[in-house]
Amino acid sequence: MFHKEGFKIISVALVIFLGINVASYVALQLPELQLAILIISSVFLLLILQFFRNPKRTTSFSDTSVVSPVDGKVVVIEEVFEKEYFNEKRLQVSIFMSPINVHVTRHPIGGEVVFSKYHPGKFLVAWHPKSSEENERTTVVVKNNSVEILYRQIAGALAKRIVNYAVPGEKVAQGSDSGFIKFGSRVDVFLPIGTKVNVSLNQKVRGGESVIATV
């Protein structure tokens, strides 16, 4: 139900929640103030729990279908020059995640991880045009018999830690867990030119389920 990256934070939040409310019950004799503290601390705890939720997703496996790596909204569909790995024009599809989205990152295709690299960087807002090249980010490339896809986790103004599980040489299943981005961010997917895109700008997508492109 909850992602492993949140276990420590959830545990700390629970301790703080219990400590604050036990202390208010013991030290305060004002029921209205005790209730206010309970409500505020409950909201805080629920926000933490919802952020680290890890819902089960059903992926329809296909070497020619590219599923969304994350939950969020499509904010970019355009041709760009990808210079880190392919050094050629690619079709970029970018998905923005708000703090209330599920932040598990999933492999958009199944196959072999052929490239995985972490880049330290800035924390510009995730929709900033330069965030793809200047922000803290990780780049992963997965290849199968039909296509080779690059996807990039990009930290935003609130995201201060990117977790990436992809290891070069590893065989991965489409829709499986490939990482986690804490507190709001964006993921760019780079597809071959000519790929059929199945989503439109501002469309909401679900990680591991929504087919964003067909090759």
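**Close-up views of the cores, sheets and two loops**

**View 1. The largest nonpolar core holds 26 residues.** Within this core, the residues with the most contacts are V66, V142, I149, V187, V189, L191 and I212. Several strands feed into it: β3 (88-97), β6 (137-143), β7 (148-155), β11 (185-191) and β14 (211-214) each supply at least two residues. Of these, β3 gives the most, with 4 residues. As you look around, please keep in mind that this is a predicted model.

**View 2. Here we zoom in on I212 and its contacts.** Setting aside neighbours within four places in sequence, I212 is in contact with V66, V67, S68, V93 and V189. The list continues with K196, V197, N198, V199 and V205. I212 is also among the residues with the most contacts inside the largest nonpolar core.

**View 3. A second core sits separately from the one above.** This core has 11 residues, and you can find I10, F17, V104 and F180 among them.

**View 4. Three strands make up an open sheet.** Their order is β1-β14-β12, and the pairing is antiparallel. At the edges are β1 (65-67) and β12, each of which pairs on one side only. To follow the antiparallel run of β12 and β14, look for the 2 bridges that join them. A handy landmark is V197, which stands opposite A213 in β14.

**View 5. Eight strands form another open sheet.** Reading across, the order is β9-β5-β6-β7-β11-β3-β2-β13, again with antiparallel pairing. The edges belong to β9 (171-172) and β13; each has a single partner strand, so one side of each is left without a neighbour in the sheet. Over at the β13 edge, 2 bridges pair this strand with β2 in the antiparallel sense. Here G72 stands opposite V205 in β13.

**View 6. Two asparagines, N87 and N202, have a positive phi.** Most residues other than glycine have a negative phi. N87, although not a glycine, has a positive phi of about 55 degrees. You will find N87 in the loop between β2 (72-82) and β3. For N202, also not a glycine, the positive phi is about 75 degrees. N202 belongs to the loop between β12 (196-197) and β13 (204-205). How does each residue meet its surroundings? N87 counts as partly exposed because its relative accessibility is 49%, while N202, at 54%, counts as exposed. The cut-off behind this is simple: exposed means over 50%.

How values were computed
Residues are numbered from 1 along each chain as its sequence is written. This is a predicted model: local features need pLDDT of at least 70, side-chain atom pairs count only at pLDDT 80 or more; totals for chains, interfaces and linings use all residues. Side-chain values use heavy atoms; hydrogens and water are left out. A nonpolar core is a set of buried Ala, Val, Leu, Ile, Met, Phe, Trp, Tyr and Cys residues joined through side-chain atoms within 4.5 Å. Buried means under 20% relative accessible area, exposed over 50%, partly exposed in between (1.4 Å probe, protein chains only). Contact means heavy atoms within 4.5 Å. Two strands pair if DSSP finds at least two bridges between them.
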